[in-house]
Amino acid sequence: MDHNIFEEKTYKRIKLLVAIVNRDYGEAVSEICAQHGAKFNLTFMGRGTAKSDILDYLGLTDTKKDIILAAVLETRAAELLQALKKVLHLDEPGNGIAFTLSITSVGGPLTHKYMSGFGNFFAELAKKRSEKIEQASQP
């Protein structure tokens, strides 16, 4: 019987980590995520929109932020949040925020495996495409 990577029905629940931290701390968040198995992450540069008088009142000066999105296994999400809190002092005002959201659906098993940190997404995708081309070329 031909092994088909799409037949694997064991899916692990994943969450989306959202972290908003001061500019230049995004790399630290990505490293902590990788240490906790969250290998799929994206970092965006953001800017706060609060008015200057509100920022002055709160004692905040810099509105430049790094926004990090990372897929993490549900079983590791709590420990990842604790690590971010400890290393980046997220329990102190002005240092950032991190939270998770449940992901209820993704676009296919390969995407799920990639986001979960399992398997080599690109190698499996290339293999699957090669198999389709091979099948199409046979009479």
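What share of the contacts in the protein chain with a separation of 6 or more comes from residues 24 or more positions apart? I looked that up before anything else, and the figure is 74%. A note to self: this is a predicted model.

**Entry: the overall layout**

I went through the protein chain and found five helices and four strands. Reading along the sequence, I wrote down the pattern β-α-β-α-β-α-β-α-α. I also looked up burial: of the 139 residues in the protein chain, 27% are buried.

**Entry: the sheet**

I turned to the strands next. The four of them make an open sheet, in the order β2-β3-β1-β4, and the pairing is antiparallel. At the edges I find β2 (40-47) and β4 (96-102), each of which pairs on one side only. On average, neighbouring strands of this sheet are turned by 20° against each other, with direction ignored.

Then I went through the pairs. β2 and β3 run antiparallel and are joined by eight bridges; here I noted Phe40, whose bridge partner in β3 is Ala71. β1 and β3 are also antiparallel, over nine bridges. Strand β1, residues 14-22, pairs with β4 in the antiparallel sense too, over seven bridges.

Ile20 got a line of its own. Its bridge partner in β3 is Ile67, and Ile20 also stands opposite Ile97 in β4.

**Entry: helix α3**

Which strands does helix α3 lie across? I traced residues 74-88 and found the helix over β1, β3 (64-73) and β4, running at about 150° to β3.

I checked its length as well. With 15 residues at 1.5 Å a residue, α3 should span 21 Å, and its end C-alpha atoms are 21 Å apart, so the two agree.

Next I sorted its residues by burial. Ala77, Leu80, Ala83, Leu84 and Leu88 of α3 are buried. Looking down the axis of α3, I see these buried residues fall within an arc of 135°, so they line one face of the helix. They pack against β1, α1 (26-35), β3 and β4. On the face turned away from the buried side, I noted the exposed residues Thr75, Ala78 and Lys86. Just after α3 comes His89, and I wrote down its positive phi of about 55°.

**Entry: α1 against α3**

A reminder for reading this entry: two packed helices are described by the angle between their axes and the distance between those axes. For α1 and α3, I have an angle of about 145° and axes 10 Å apart. α1 passes α3 in a right-handed crossing. On the α1 side, the contact is made by Ala28, Val29, Ile32, Cys33 and Gln35. The α3 side brings Arg76, Leu80, Ala83, Leu84, Val87 and Leu88.

**Entry: His36**

Is His36 buried or exposed? I looked in the loop between α1 and β2, where His36 lies. Its relative accessible area is 14%, and since buried means under 20%, His36 counts as buried.

I then listed what His36 touches, not counting residues up to four places away in sequence: Val72, Arg76, Glu79, Leu80 and Ala83. Two of those names took me back to earlier notes, as Leu80 and Ala83 are among the buried residues of α3. Arg76 is familiar too, being one of the α3 residues in the contact with α1.

Terms used: Residues numbered from 1 in each chain as written. Predicted model: local features only at pLDDT ≥ 70, side-chain atom pairs only at ≥ 80, totals over all residues. Heavy atoms only, no water. Pairing = 2+ DSSP bridges. Helix = DSSP H or I, 4+ residues; strand = E, 2+ residues; numbered from the N terminus. Axes fitted to C-alpha atoms, helices over the stretch in contact; angles between N-to-C directions. Contact = heavy atoms within 4.5 Å. Expected span 1.5 Å × (residues − 1). Buried < 20%, exposed > 50% of the residue type's maximum accessible area, 1.4 Å probe, protein only. Arc of directions from axis to C-beta. Left-handed = near helix turned anticlockwise from the far one by under 90°.
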